[in-house]
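Me: Got a minute to walk through this one with me? I'd like to get a feel for the fold before I set anything up.

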Amino acid sequence: VFMVRGTGLFRVNSMRIFNRWGQMVFEKRNIQANNPSDGWNGRINSQKATSDAYVYVIEVICTNNQVFKYTGTVTLVN
């Protein structure tokens, strides 16, 4: 499970995962950090996604009300 982990996080505004063609394959909003059930389990429409590199865009609000946006890639290996 690919999920947001950390301390000092008030809330995760959004977590989005995109495939190499820019199609959104996962999205969750207003979730808690450190909760595996809110993360991406590597499935697209209930089917295992293909092994590939995926782009993530995550926006979090810290306990001091600062907003941070994180982007990067996550590699899925089946």
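**Asp52 and its strand**

Reply: Sure. Let's begin with Asp52, which lies in strand 5. Keep in mind that this is a predicted model.

Me: Is Asp52 buried or exposed?

Reply: Asp52 is buried: its relative accessible area is 16%, and the cut-off for buried is under 20%.

Me: OK, and what does its side chain make a polar contact with?

Reply: With the side chain of Arg20, at 2.6 Å.

Me: Which residues does Asp52 touch, leaving out those up to four places away in sequence?

Reply: Arg20, Val74, Thr75 and Leu76.

Me: Zooming out a bit, why is strand 5 largely enclosed by the rest of the structure?

Reply: Strand 5 covers residues 52-62, and eight of those eleven residues are buried, so the strand ends up largely enclosed.

Me: Now the sheet. In what order do the strands come?

Reply: The order is 2-1-5-6, in an open sheet of four strands with antiparallel pairing. Strand 2 and strand 6 are the edges, each pairing on one side only. From one strand to the next, the twist averages 20°.

Me: How many bridges join strand 1 to strand 5?

Reply: Eight, with strand 1 being residues 9-18. As an example of a facing pair, Ser14 stands opposite Glu59 in strand 5.

Me: And how many between strand 5 and strand 6?

Reply: Ten, again antiparallel, with strand 6 spanning residues 67-76. There, Val60 stands opposite Phe68. These two strands form a hairpin with four residues between them. In that turn, Asn65 has a positive phi of about 70°.

Me: What about strand 1 and strand 2?

Reply: Six bridges, also in the antiparallel sense. Val12 has Ile31 in strand 2 as its bridge partner.

Me: Switching topic: which residues touch the most other members in the largest nonpolar core?

Reply: That core has 16 residues, and the ones touching the most other members are Val4, Val12, Met15, Ile17, Trp40, Tyr54 and Ile58. Strand 1, strand 2, strand 5 and strand 6 each give two or more residues to this core.

Me: Which of them gives the most?

Reply: Strand 5, with four residues.

Me: Let's pick Ile58, then. What does Ile58 touch, again not counting residues up to four places away?

Reply: Phe2, Val4, Val12, Ser14, Met15, Phe68, Lys69 and Tyr70. Val4, Val12 and Met15 came up a moment ago among the core residues that touch the most other members. Ser14 is the residue that stands opposite Glu59, and Phe68 is the one facing Val60.

Methods: Residues are numbered from 1 along each chain as its sequence is written. This is a predicted model: local features need pLDDT of at least 70, side-chain atom pairs count only at pLDDT 80 or more; totals for chains, interfaces and linings use all residues. Side-chain values use heavy atoms; hydrogens and water are left out. Buried means under 20% relative accessible area, exposed over 50%, partly exposed in between (1.4 Å probe, protein chains only). Two strands pair if DSSP finds at least two bridges between them. A polar contact is a pair of N or O atoms within 3.5 Å; within protein, one must be able to donate a hydrogen and the other to accept it, and residues adjacent in sequence count only if both atoms are side-chain atoms. Contact means heavy atoms within 4.5 Å. A nonpolar core is a set of buried Ala, Val, Leu, Ile, Met, Phe, Trp, Tyr and Cys residues joined through side-chain atoms within 4.5 Å. Axes are lines fitted to C-alpha atoms, for helices over the stretch in contact, and angles run from 0 to 180 degrees between N-to-C directions.
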